[in-house]
Amino acid sequence: MVDKGLKGVIAAETELSFIDGDQGILLYRGYEAKQLAVRYSFEEVAYLLWYGSLPTPAELTAFKAKWVRYRQLPEPVIHCLKQIPSDMDLMSQLRTAVSSLGMKPFEGTPQADHAIALTAMMPALIANLYRAQNEQPLMTSIPTNESLNHTAHYLYLLTGELPSDVHVNALEAYMILTMEHGLNASTFTARVIASTESDIVSALTGAIGAMKGPLHGGAPSAVTDMLEAIGTPERVEPWLREQLEQRRRLMGFGHRIYRTRDPRAEALKQRIALLESHDPWLNLALLVEDTAVRLLAEYKPGRGLYTNVEFYAAAIMRAIGMPSELFTPTFTASRTVGWTAHILEQASDNVIYRPEAKYVGPRHSSVNVS
């Protein structure tokens with residue numbers, strides 16, 4: 001029997017996350033991800049995934065200090081950023097930039113410090129590539145205010161201005177909720193590369209190559225396109241009905257794993273309440289969700305189709321002014337934690353991946369050689 005796409009095939013044991021799609025449960029090392037997103041910072045949850053426990057106050061202080069030290073991009077990498085062709089899409093540029101990090105400090109067996117450094121540098125890579133595309137000066141040095149946390153630092157590098165607490169909190173919730181999600185395509189790619197005992201940068205580069213595929217990392221942008229096409233509240237139901245009548249997919253609804261409400265979407269919906277309630281974009285998103293869930297139950301009864309994390313990710317990032325071309329890179333910045341955690345886990349008990357393929361081509365009885 002062939003399981004195309006390896007659906008349902010267990011290829012690894014992990015302590016990092018647990019997903020129950022029928023019950024709508026996502027756990028990070030035994031903790032509900034949606035609770036972590038409300039109660040803890042990005043750094044604290046990253047520590048949990050890398051080290052296996054939430055940090056004590058003393059551990060967190062030392063951890064944050066190390067994180068800030070690692071934010072600075074090495075000079076060879078800055079030089080590489082300036083040489084990357086501007087006509088490449090942002091994710092292709094990011095893949096190339098991350099590959100340039102494969103220097104001596106990251107050689108050998110993957111270490112937690114490698115994971116911290118790569119995650120800490122990701123905002124500077126993304127922000128400077130984006131700034132270069134828009135003919136803005138690069139921001140390659142650590143900001144004067146080193147007290148900025150990871151998410152605030154990312155927004156600061158993108159805009160050059162200190163972000164509001166409301167925007168930081170909303171984006172941080174999204175980034176925590178997308179840190180880790182089992183053995184998805186990009187994570188599996190990272191583990192396969194790590195299983196060859198290649199370096200952590202090579203495994204991370206491969207993961208980004210998988211993430212840039214539109215079937216994996218591009219959904220939030222598609223949700224934005226859908227909401228912009230709807231435009232106004234009075235168009236919501238007619239537009240959605242037309243899509244369903246023509247058997248077109250509603251972007252941001254349904255998930256390959258979750259058969260009930262995506263717990264990450266629920267947490268992000270709560271975060272929306274912290275943003276300005278009169279924001280017309282957010283009000284439109286809420287109306288689209290309510291209407292679409294009702295119509296999906298009518299047109300596709302029994303399917304259990306609800307909003308997924310990409311739907312409210314698009315709403316939040318649009319509300320905080322995040323350009324759509326930064327959606328997948330931002331997803332990448334958060335998932336770097338999960339990727340590197342899986343790479344560390346793979347290295348701790350390694351067996352090289354070597355699945356088999358079923359041959360379905362012709363088999364000739366003889367070959368004529370002239």
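Let's start at the N-terminal end of helix H7, where Asn149 acts as the cap. A side-chain oxygen of Asn149 lies 3.2 Å from the backbone nitrogen of Thr151. Keep in mind throughout that this is a predicted model.

How much of H7 is covered? Mostly covered is the answer, with nine of its ten residues buried. The buried set runs through His150, Thr151, Ala152, His153, Tyr154, Leu155, Tyr156, Leu157 and Leu158. Thr151, whose backbone nitrogen faces the Asn149 cap, is one of these buried residues. As for what they pack against, the partners are helix H2 (42-51), helix H3 (57-69), H6, helix H8 (165-177) and helix H16 (327-348). Just after H7 comes Gly160, with a positive phi of about 80°.

Now to helix H15, residues 309-319. Here nine of the eleven residues are buried, so the helix is largely enclosed by the rest of the structure. Those buried are Val309, Glu310, Phe311, Tyr312, Ala313, Ala314, Ala315, Ile316 and Met317. Note that Glu310 is on that list. The backbone nitrogen of Glu310 also takes part in the cap: a side-chain oxygen of Asn308 lies 3.1 Å from it, at the N-terminal end of H15. After H15 you find Gly321, again with a positive phi, near 85°.

Next, two positive phi values outside glycine. Glu135 has a phi near 55°, and it sits in the loop between helix H6 (112-133) and helix H7 (150-159). Is Glu135 buried or exposed? Its relative accessibility is 75%, and the cut-off for exposed is over 50%, so Glu135 counts as exposed. The other one is Glu197, with phi near 65°. Glu197 belongs to the loop between helix H9 (185-195) and helix H10 (200-211). At 68% relative accessibility, Glu197 counts as exposed too.

That brings us to H6 and H10 themselves. Their axes come within 11 Å and cross at roughly 45°. That angle makes H6 oblique to H10, and the crossing is right-handed. Which residues meet there? From H6 there are His114, Ala115, Leu118 and Met122, and from H10 there are Ile200, Val201 and Leu204.

One residue in helix H14 (residues 280-299) is worth a look on your screen: Thr291. Thr291 has a relative accessible area of 6%; buried means under 20%, so Thr291 is buried. A polar atom of its side chain lies 2.8 Å from the backbone oxygen of Leu287. Leaving aside residues up to four places away in sequence, Thr291 touches Val236, Glu237 and Leu240.

Last, the strands. There is an open sheet of three strands in the order E1-E2-E3, paired antiparallel. At the edges are strand E1 (17-20) and strand E3 (31-32), each pairing on one side only. How many bridges join E1 to strand E2, residues 25-28? Four, with the two strands running antiparallel. To find the register, go to Phe18: its bridge partner in E2 is Leu27. As a general reminder, strands of a sheet pair through backbone hydrogen bonds, either parallel or antiparallel.

To recap the two helices I began with: H7 has nine of its ten residues buried, and H15 has nine of its eleven. Asn149 caps H7, and Asn308 caps H15.

Notes. Residues numbered from 1 in each chain as written. Predicted model: local features only at pLDDT ≥ 70, side-chain atom pairs only at ≥ 80, totals over all residues. Heavy atoms only, no water. Buried < 20%, exposed > 50% of the residue type's maximum accessible area, 1.4 Å probe, protein only. Contact = heavy atoms within 4.5 Å. Polar contact = N/O pair within 3.5 Å; in protein donor to acceptor, adjacent residues only side chain to side chain. Pairing = 2+ DSSP bridges. Axes fitted to C-alpha atoms, helices over the stretch in contact; angles between N-to-C directions. Parallel < 35°, antiparallel > 145°, perpendicular 65-115°, else oblique. Left-handed = near helix turned anticlockwise from the far one by under 90°.
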